[in-house]
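Colleague: Could you take one strand and walk me through its surroundings in detail? I'd like the cut-offs along the way.

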Amino acid sequence: MQAKWWHGKVAYQIYPKSFCDSNGDGVGDIRGIISKLDYLQDLGIEIVWLSPCFKSPFVDQGYDIADYQDIDPIFGTMEDFDELLAEAKKRGISILLDLVINHCSSEHEWFKKACADLNSEEAKYFYFRKGKDDGTPPDNLRSYFGGSVWEKIPGHEDENIYYLHYFAKAQPDLNWYYEPLREKLFNMVNFWLDKGVAGFRIDAIMNIAKDLSFPGLPADAADGMCSANQMTAKLSDQAAAFLYEMNDKTFKPHDALSVAEAFGVNQESLKNYIGDDGFFSTIFDFSARELNEKYPAYYRYRPVDIAKWRDTIFASQERVNDIGFMCPIIENHDEPRGVSYYLPRHAQNPDGAKAFAAVNILLRGMPFIYQGQEIGMTNTKFNSIYEFDDLNAKDNYKAALKAGFTPSQALDILNIESRDNARTPMLWSAGKNAGFSDAAITWLKVHQDYKTLNVAAQKDDPNSVLSFYKKLIALRKDPKYHELLTYGKFKPLEAVADYVVPFARELDGKMIYVIANFEDTAVSYGVNADSKIILSSKEVDLKDGVLTIPAVACAVVEL
Ligand code: NOJ
């Protein structure tokens, strides 16, 4: 494997609206992020991904971009952003932006001009198609947020012409088959890379391929529709051709890091994505999330248990061992908190968060920590539908009611599966709004446990979740283990019980075991007589080559 500048680093995702509010308007901003760079450096973070901070009407929280080359005033100015880049650099931190180029916002100049004149140049940037003769949409694909992927042009509802949107109506899909548009997008990518951005996390990218005859697909549910997802899966070769082109014209010449949100990549194609000559540097491992990608989306309220999580993640790790890296995650801004979602009830606490951390940080690949994960944040308790912001949560609520759930059941479902669970403000202290903001009201409610669950309470406590994350990241950087933990192969170990996640990393005859025990009893593993415990979250016992790990704890052992 060719060594790359980002290999061996640990990354951190910031959700800008909820990280730190410097100007007291209840919404996080860039100056807030700058004020927390020392915190990130101290944690050991070397790469930061910012969820979108571009100009946006925020229908889908910035994943609907109205101007790709400007910062939204809610977050600050371009000068603030330049300062963030410079300050991050001083601390050895590289910044990744979010590249959302399957779609833009319906407020983007391009879309406005396109709708005003369907013969304009800008109209070629989108997919406008005539509806069927009976006035129904061109095909039966279902958008990711529910309902048809087709919508009539605003202001022209009596005409039989639709535009395509795989996500919300306010997110019209961009036409990648029109070369001048691709050039515009690539120029925009280069604008940011020339500025000093280290790369991008790339949003929903496999959706750029379309079957231009828009044939639809056999229905996959009672609504007569079929998920757009299934069309995307059929067209991945077409997407790949565009992605090689983008890599050649943007990422490659800048030696940029590209981390893609690419679902369902099959084994044969993996090396085209993340191999040495792949079009991305790496992709997230979403295999656990895919287990529960059900329609309607509210069915995700049935959490996946840790045994299933383990088997799925282990299979992913083995798939890429000889090809490249995937990025292990526990959660992100589209997921409930992992501690609440995957761990058995008795482990949904700091002990469980630490054991989960060991797995996340020590698996093979570049781990991403989502803000708040490092202090063991759990799901937020929402008491009413009015406390949610996410359009998807609101849609799921309506869908659940329509399916016959009571309002209180529908609320319970959202409390388990909603994306807003992870989007609530970062918990910095026990002060007002958890130290996130001075505002009277924050844009999304503050987590119920902030008085005790916060950075200030953990930072000087050697036994806190935060301190444990620091130790794990430091272990990855320790020259003695750095190569092994970066390039060492992944090997599953025998899962001696349902709720145990045990694996080894091995390089040139050097081997460590990582064993996370989420059972409510101790488990034992045979190791070598002279094995050495490198790190553990509780006191563990190693006698005569037998390692015993207490309930809800983890250990890292060198053999
Ligand atoms: C994936 C993003 O992570 C999610 O938040 C967004 O809603 C969709 N893509 C659409 O951009």
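Modeller: Here is a close look at strand β23 and its neighbours. Bear in mind that this is a predicted model, where local features need pLDDT of at least 70, side-chain atom pairs count only at pLDDT 80 or more, and totals for chains, interfaces and linings use all residues. Residues are numbered from 1 along each chain as its sequence is written, and side-chain values use heavy atoms, with hydrogens and water left out.

Strand β23 covers residues 553–558, and six of the six are buried, so the rest of the structure largely encloses it. (Buried is under 20% relative accessible area, exposed over 50%, partly exposed in between, with a 1.4 Å probe and protein chains only; strands are DSSP runs of E, at least two residues, numbered from the N terminus.) Ala 553, Ala 555 and Val 557 cover one side, while Cys 554, Val 556 and Glu 558 sit on the other.

Now the pairing, which takes at least two DSSP bridges between two strands. Strand β18 (residues 510–517) runs antiparallel to β23, joined by six bridges, and Tyr 513 has Val 557 as its bridge partner there. Strand β20 (residues 532–536) is also antiparallel to β23, with four bridges; in that pairing, Leu 535 stands opposite Val 556.

There's a charged contact too. Lys 532 and Glu 558 form a salt bridge, their closest N and O atoms 3.7 Å apart. That pair links β20 to β23 across 26 residues. (A salt bridge here means a side-chain nitrogen of Lys or Arg within 4 Å of a carboxyl oxygen of Asp or Glu.) Lys 532 is partly exposed at 39%, whereas Glu 558 is buried at 14%.
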